[in-house]
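Biologist: Could you take a close look at one part of this model for me? I'd like to hear about the aromatic rings and what sits around them.

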Amino acid sequence: EFHNRGVDHAESNQLKNAIKLFQQALSLYSKYDEKITRMDRAYTLCNIAHAYKELKKLQLALEFYKQAHTLFLIPSKTPPHIALADLLFDIGLVYSGLEQPENSIEYFQQAFTLYSILDEKKYQAWALGNIGNSYDELGQPQHALENYQQALSLLLTFNGDKIRTELAGMHLNLANTYSSLNEPMQTIYHCHQAISLLSADE
């Protein structure tokens, strides 16, 4: 009950109240067998982390994501691959927000590996795009370029009408990277591609 009420408050953007309710849910779970409540605790910890992330309290968000990560890694008969992949991705985003690109790359790459196993191509592309962003922050445009190109290839396997914004964003990332590599023709090409995609939405 506490958890569901916490979700309702989070969806209503009452994040501080949501955190209190999720904490109450955790206290309740502690009274039961840990094996039975393990995943309930993990998801509740993730929800607390999500709330702190929205509140821009990134260090607290990271602490709760890490606690959830520990629970997800305990072997079980039905490992929650997609949930674990999403968790790794979220940790990567927090490290990005904390301006720790080396750490963000590590977690985005782990998320990418799981998304690949699950054949979740759109999520693979998002992970690769964020890896590219992190390499860009590190001043490594060639590595950024490689990841952006892989992400674009994956996005192009989808119906363009549904992911126009994502495609345009990836073309802009490529344009910026080619610009930093002093390749004007490629820069112009990807700028035009992004403009065409964004203009089609108008």
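Modeller: Tyr123 comes out as partly exposed, with a relative accessibility of 31%; keep in mind that this is a predicted model. Its ring partner, Tyr115, is buried, at just 1% relative accessible area. The cut-off for buried is under 20%, and partly exposed runs from there up to 50%, so the two tyrosines land in separate classes. Tyr115 and Tyr123 make a stacked pair, with 5.2 Å from centre to centre and 25° between the planes. Trp126 joins them too: Tyr115, Tyr123 and Trp126 make up one aromatic cluster.

Right beside Tyr123 in the numbering there's Lys122, which lies over the face of Phe158, 5.7 Å from the ring centre.

Now for the wider picture: the structure has 6 aromatic pairs. One of them is Tyr52 with Phe64, stacked at 5.7 Å centre to centre with 25° between the planes. Tyr52 belongs to helix α3 (residues 34-54) and Phe64 to helix α4 (residues 58-72), so this pair ties together parts 12 residues apart in sequence. Tyr52 and Phe64 are both buried.

If you're after more buried rings, try helix α5, residues 81-97. Of its 17 residues, 12 are buried, and among them are Phe89 and Tyr95. The helix spans 24 Å from first C-alpha to last, close to the 24 Å expected at 1.5 Å a residue. After α5 comes Glu99, with a positive phi near 60°.

Methods: Residues numbered from 1 in each chain as written. Predicted model: local features only at pLDDT ≥ 70, side-chain atom pairs only at ≥ 80, totals over all residues. Heavy atoms only, no water. Helix = DSSP H or I, 4+ residues; strand = E, 2+ residues; numbered from the N terminus. Expected span 1.5 Å × (residues − 1). Buried < 20%, exposed > 50% of the residue type's maximum accessible area, 1.4 Å probe, protein only. Phe/Tyr/Trp six-rings, centres within 6.5 Å; stacked < 30°, edge-to-face > 60°. Lys NZ or Arg CZ within 6 Å of the ring centre and 35° of its normal.
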